[in-house]
Amino acid sequence: MNASEFQRARSPEAKRLREASILEAAQALGREHGIRTVTLTDIAAAVGMHKSALLRYFETREEIFLRLTAEGWQEWSRELSEQLRASADPGPESVARAFAATLATRGMFCDLLAHAPLNLERNVSLDAVRDFKLATLAARGPIIAAVREQLPTLDEQDAGDLIATAVALAGALWQIATPPADVAALYRSDPRLAHAVIEVEPRLARILTATITGMTTRQHEPGA
């Protein structure tokens, strides 16, 4: 569909479908080019509408990507909770690997996690921020429950801290691991820059294993 063929959605169902198509287009563009480079004009063009028409559905590009971040939280929560409960060998390493594996395979989500606090929450309405925070809160609940089933010595605050650490690190590590092509080539061409070439999953798993081990060790200390 091109912009001249676009017709405004009239019914609630038509509006829902139009919003879904906008989110799908934004997700495809973000996955291909990275969140920071995608503009509202890019998204409108991909859907086949004028930018002014798109603004009837979403106020800003940040609102679009914030909605995608909330959806990403729900999807990640479901898969991680399932993986944690399926583990036959519960312990710090097993839990850390589940976190790392489910995050590392979600590059788009990691990109969104990095941008959410930096800018996605800063150019939207307060209602949009509230909806986003409530969505992430709902997504955290099943993860906390699954973590505590695997690691009973951790309390709810520990599990919440683990989630916060994991998503913050995943967002940051993904940005480091996916530099522009010319920068990546530079890192690989100079042995002195080898430390700048990282893989998200093993690095994240190591750090989270140490974090969880520290939490569980603290719980067994006298007076803890």
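Mentor: Buried means a relative accessible area under 20%, exposed means over 50%, and partly exposed is anything in between, for protein chains only and with a 1.4 Å probe. The model is predicted, and here local features need pLDDT of at least 70 and side-chain atom pairs count only at pLDDT 80 or more, while totals for chains, interfaces and linings use all residues. Residues are numbered from 1 along each chain as its sequence is written, and side-chain values use heavy atoms, with hydrogens and water left out.

Trainee: Why is V38 called buried or exposed, whichever applies?

Mentor: V38 has a relative accessible area of 3%, and since this is under 20%, V38 is buried. V38 lies in the loop between α1 and α2 (40-47), where V38 touches L29, G30, I43, R61 and F65, not counting residues up to four places away in sequence; a contact here means heavy atoms within 4.5 Å.

Trainee: What makes L162 count as buried, and which residues does L162 touch?

Mentor: The relative accessibility of L162 is 0%, which is under 20%, so L162 counts as buried. L162 has its place in helix α8 and, with residues up to four places away in sequence not counted, touches V95, F99, V147, L208, I212 and M215. For the whole protein chain, buried residues make up 43% of the 224 residues.

Trainee: How do you know how many helices and strands the protein chain has?

Mentor: Both are DSSP runs, numbered from the N terminus, with H or I over at least four residues for a helix and E over at least two for a strand. On that basis the protein chain has 10 helices and 0 strands, and the C-alpha trace spans about 70 × 50 × 30 Å along its principal axes.

Trainee: What makes the meeting of R16 and E13 a salt bridge?

Mentor: The term requires a side-chain nitrogen of Lys or Arg within 4 Å of a carboxyl oxygen of Asp or Glu. The side chains of R16 and E13 meet at 2.8 Å, N to O, and because this is within 4 Å the pair is a salt bridge. R16 and E13 both lie in helix α1 (residues 12-33), 3 residues apart, about one turn of the helix. R16 at 45% relative accessibility falls between 20% and 50%, so R16 is partly exposed, and the same conclusion holds for E13 at 43%.

Trainee: Which parts of the chain does the pair of E149 and R85 link, and how do you know that the pair is a salt bridge?

Mentor: The side chains of E149 and R85 meet at 3.0 Å, N to O, which is within 4 Å, so this is a salt bridge. The pair links distant parts of the chain, with E149 in helix α7 (residues 126-150) and R85 in helix α4 (residues 61-86), 64 residues apart. By their relative accessibility, E149 at 47% counts as partly exposed, and R85 at 41% counts as partly exposed. A search of the whole structure finds 8 salt bridges.

Trainee: Why does E19 have no salt bridge?

Mentor: The nearest side chain of opposite charge, R67, is 4.1 Å away from E19, and because 4.1 Å is not within 4 Å, the definition is not met. E19 lies in helix α1 and is buried; leaving aside neighbours within four places in sequence, E19 is in contact with Y57, F58 and R67.

Trainee: Why is α4 called roughly parallel, or otherwise, to α7?

Mentor: Angles under 35 degrees count as roughly parallel, over 145 as roughly antiparallel, 65 to 115 as roughly perpendicular and the rest as oblique. α4 and α7 pack at an angle of about 10°, with their axes 9 Å apart. That angle is under 35 degrees, so α4 is roughly parallel to α7.

Trainee: What makes α6 parallel or perpendicular to α8?

Mentor: Helix α6 (residues 107-120) and helix α8 (residues 156-177) pack at an angle of about 105°, with their axes 8 Å apart. An angle of about 105° lies in the range from 65 to 115, so α6 is roughly perpendicular to α8. The contact is made by residues including C110, L113 and H115 of α6 and V167, A170 and W174 of α8.

Methods
Axes are lines fitted to C-alpha atoms, for helices over the stretch in contact, and angles run from 0 to 180 degrees between N-to-C directions. Lys and Arg count as positive and Asp and Glu as negative; His and the chain ends are not counted.
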